[in-house]
Amino acid sequence: MPALALLSAVFVVGFEQVVAWQYGATGVVGLLLLTVGIKAKSPTVSSIGAVVLALLVTGPAM
């Protein structure tokens with residue numbers, strides 16, 4: 001069990017670093033809102049986070 005928790009934590013931190021490198025502070029805020037919204041079971045907060053991330057991903061294409 002501890003090995004699985006450690007592996008999961010490393011994956012999450014690595015993914016967060018990739019988002020921060022690729023999309024900057026706004027990407028981290030969007031990811032944070034999405035994560036908090038899912039954990040708190042708040043559709044509004046998770047939707048805001050998803051919209052922020054979607055706008056960052058599609059921003060240059062628009």
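**Exercise 1. The two helices**

At what angle do α1 and helix α2 pack, and how far apart are their axes?

*Solution.* The model is a predicted one, and its secondary structure should be listed before the packing is described. The protein has two helices and zero strands. Helix α1 covers residues 2-39, while helix α2 covers residues 43-58. These two helices pack at an angle of about 150°, and their axes lie 7 Å apart. Angles over 145 degrees count as roughly antiparallel, and therefore α1 is roughly antiparallel to α2. As a last step, the handedness can be added: the crossing of α1 and α2 is left-handed.

**Exercise 2. The protein as a whole**

State what the extent of the C-alpha trace is along its principal axes, and what percentage of the residues is buried.

*Solution.* Along the principal axes, the C-alpha trace of the protein spans about 45 × 25 × 15 Å. The protein has 62 residues, of which 13% are buried. Turning to the surface, the accessible area of the protein comes to about 4700 Å², and carbon and sulfur atoms account for 78% of it.

**Exercise 3. Three residues of helix α1**

Decide for V19, a residue of helix α1, whether the term buried or exposed applies, and then treat A20 and V12 in the same manner.

*Solution.* Begin with V19, which has a relative accessible area of 8%. The cut-off for buried is under 20%, so V19 with its 8% is buried. In space, the C-alpha atoms of V19 and L31 are 8.2 Å apart, with a separation of 12 residues in sequence.

Next comes A20, which also lies in helix α1. Its relative accessibility is 28%, so A20 counts as partly exposed. From C-alpha to C-alpha, A20 and P2 are 27 Å apart, and in sequence they are separated by 18 residues.

Finally, V12 is found in helix α1 as well. With a relative accessible area of 47%, V12 is partly exposed. Together with F11 and F15, V12 forms a nonpolar patch on the surface, and the accessible area of these residues together is about 330 Å².

**Exercise 4. A residue in the loop**

Find where K41 lies, and explain why its phi near 55° deserves attention.

*Solution.* The position comes before the angle: K41 lies in the loop between α1 and α2. Its relative accessible area is 73%, and because exposed means over 50%, K41 is exposed. The phi of K41 is near 55°, which is a positive value in a residue other than glycine. The value deserves attention because most residues other than glycine have a negative phi. To complete the picture of this loop residue, K41 and P60 are 19 residues apart in sequence, and their C-alpha atoms are 31 Å apart in space.

Conventions: Residues numbered from 1 in each chain as written. Predicted model: local features only at pLDDT ≥ 70, side-chain atom pairs only at ≥ 80, totals over all residues. Heavy atoms only, no water. Patch = residues over 30% accessible without salt bridge, like charges linked within 9 Å, V, L, I, M, F, W, Y side chains within 5 Å. Areas by Shrake-Rupley, 256 points an atom, 1.4 Å probe, with all protein chains shown as cover. Salt bridge = Lys/Arg side-chain N within 4 Å of Asp/Glu carboxyl O. Helix = DSSP H or I, 4+ residues; strand = E, 2+ residues; numbered from the N terminus. Buried < 20%, exposed > 50% of the residue type's maximum accessible area, 1.4 Å probe, protein only. Axes fitted to C-alpha atoms, helices over the stretch in contact; angles between N-to-C directions. Parallel < 35°, antiparallel > 145°, perpendicular 65-115°, else oblique. Left-handed = near helix turned anticlockwise from the far one by under 90°.
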